[in-house]
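Notebook open, structure on screen. I'm jotting down what I looked up, one topic per entry.

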Amino acid sequence: MAENKVVELLITEGVGIITINNPPVNALTLDVREQLKQVLQEVEGNAEIRALVITGGGAKCFVAGADIKDFPKQMESGPRENATIYKEMFTYLEETPRPVIAALNGLALGGGCELALACDIRIADEKMKIGLPEVTLGLIPGLGGTQRLARLIGPSKAKELMFTGTFISADEALRIGLVNQVVPQGTALGEALKLAQKLAKGAGVAMGYAKHLVNKGTEIPLQDAMEMEMQHVEKIFGSEDLQEGIEAFINKRPAVFKNK
């Protein structure tokens, strides 16, 4: 029997578009977990992909959390191992030098919210709702949600959202800094793709360094972070991208970066 394809990868103009298409709510089932892992391995091995967009299939859901009915299968190996597989994938998105954009085309709940939090930029459909409702089931967010949400919007607001399990609107998510942009209904993927295509043509080495420095610098003392920044400044002076950028500026032409 052919494998049911629930995670798809499309590559266009240097952008990898990952779609989680698992109707009706794009839940994080065992099949999604295994196929997402395979897709990310494919992304890692493909130098053509300079930026990533992650979205959900259909018009109503990004990813509406885990499938509770699927829990017994996922938990056969134990909660730690199951969560670790997801955490490793989400950490990959957080740490890859590529910019990663979440196109939140609908409900982003539980594990879907945690997936979005691992991305660099979140573009939300105006009808989107987002939240971490795990406590309403007696659980806690276990795929990085307790940590990434607090770092993004602050501990107090993060606790409020987790304690209550509230789903908040796109406008409220924008107000508290949980999403970067709210766009008209049905346009989240298109807007994310436009931005990703622009970034895919940019200076990949510089963007990768900047991403790393922001991620890691906020976790260490300021003076240590400043030293780490200076080390990367020294490193980037040996990059082909910098030389191309300087030559293009001097010659008043568009730069053609090679991500080297």
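**Entry 1: a salt bridge inside a helix**

I began with lysine 157 and glutamate 160, whose side chains meet in a salt bridge, 3.2 Å from N to O. I'm working from a predicted model, so side-chain pairs count only at pLDDT 80 or more. Lysine 157 and glutamate 160 are three residues apart in helix H6 (residues 155-164), which means about one helical turn separates them. I looked up the cover on glutamate 160 too: at 40% relative accessibility, glutamate 160 is partly exposed.

Which residues are linked with this pair in a network of salt bridges? I found Glu172 and Arg175 joined with Lys157 and Glu160.

**Entry 2: other salt bridges**

How many salt bridges does the structure hold? I get ten.

I picked out arginine 33 and glutamate 34, which form one with their closest N and O atoms 2.9 Å apart. I wanted to know how covered each partner is. Arginine 33 is buried, at 7% relative accessible area, while glutamate 34 is partly exposed at 32%.

Next I checked lysine 216 and glutamate 95, whose side chains meet at 3.2 Å, N to O. Lysine 216 sits in helix H9 (residues 204-217) and glutamate 95 in helix H3, so this salt bridge ties together parts 121 residues apart in sequence. Both ends came up as partly exposed: lysine 216 has a relative accessible area of 28%, and glutamate 95 has 46%.

**Entry 3: the aromatic pair**

I searched the whole structure for aromatic pairs and got one. The partners are tyrosine 86 and phenylalanine 90, with ring centres 6.2 Å apart and planes at 50 degrees, a tilted arrangement. I note that planes have to be over 60 degrees apart to count as edge-to-face. Tyrosine 86 and phenylalanine 90 are four residues apart in helix H3 (residues 79-95), so they are separated by about one helical turn. Buried or exposed, these two? Both tyrosine 86 and phenylalanine 90 are buried.

**Entry 4: strand E3 and its partners**

How many of the six residues of strand E3 (residues 51-56) are buried? Six of the six are, so the rest of the structure largely encloses this strand. I went through the faces one by one. Ala51, Val53 and Thr55 are buried on one side, and Leu52, Ile54 and Gly56 are buried on the other. That fits the general rule that side chains in a regular strand alternate between the two faces of the sheet.

I then traced the pairing. Strand E2 (residues 15-20) runs parallel to E3, joined by six bridges, and isoleucine 20 has glycine 56 in E3 as its bridge partner. Between E2 and E3 the chain passes through helix H1 (residues 30-44), making a right-handed β-α-β crossover. I also found four bridges between E3 and strand E5 (residues 100-104), again a parallel pairing. There, leucine 52 is matched with valine 100 in E5.

**Entry 5: the four-stranded sheet**

I looked up an open sheet of four strands, ordered E4-E6-E8-E9, with mixed pairing. Which strands stand at the edges? Strand E4 (61-64) and strand E9 (168-169) do; each has a single partner strand, so one side of each lacks a neighbour in the sheet. E4 is joined to strand E6 (residues 107-109) by three bridges, running parallel. Across that pairing, alanine 64 stands opposite leucine 109 in E6.

**Entry 6: a nonpolar patch**

I turned to the surface and found Ile68, Leu137 and Leu139 making a nonpolar patch of about 270 Å². Leucine 137 lies in the loop between strand E8 (129-131) and helix H5 (145-153). Leucine 137 is exposed, at 56% relative accessible area.

**Entry 7: backbone oddities**

A reminder to myself: most residues other than glycine have a negative phi, and most peptide bonds are trans.

Cis or trans, the bond from proline 23 to proline 24? I read cis, with omega near 5 degrees. Proline 24 is in the loop between E2 and H1.

I noted two positive phi values as well. Lysine 252 has phi near 55 degrees and lies in the segment after helix H11 (240-250). Lysine 252 is exposed, at 78% relative accessibility. Asparagine 259 has phi near 60 degrees and is also placed in the segment after H11. I have asparagine 259 down as partly exposed, with a relative accessible area of 35%.

Definitions and conventions
Residues numbered from 1 in each chain as written. Predicted model: local features only at pLDDT ≥ 70, side-chain atom pairs only at ≥ 80, totals over all residues. Heavy atoms only, no water. Phe/Tyr/Trp six-rings, centres within 6.5 Å; stacked < 30°, edge-to-face > 60°. Buried < 20%, exposed > 50% of the residue type's maximum accessible area, 1.4 Å probe, protein only. Pairing = 2+ DSSP bridges. Patch = residues over 30% accessible without salt bridge, like charges linked within 9 Å, V, L, I, M, F, W, Y side chains within 5 Å. Areas by Shrake-Rupley, 256 points an atom, 1.4 Å probe, with all protein chains shown as cover. Salt bridge = Lys/Arg side-chain N within 4 Å of Asp/Glu carboxyl O. Right-handed = clockwise from strand over helix to strand, strands pointing away.
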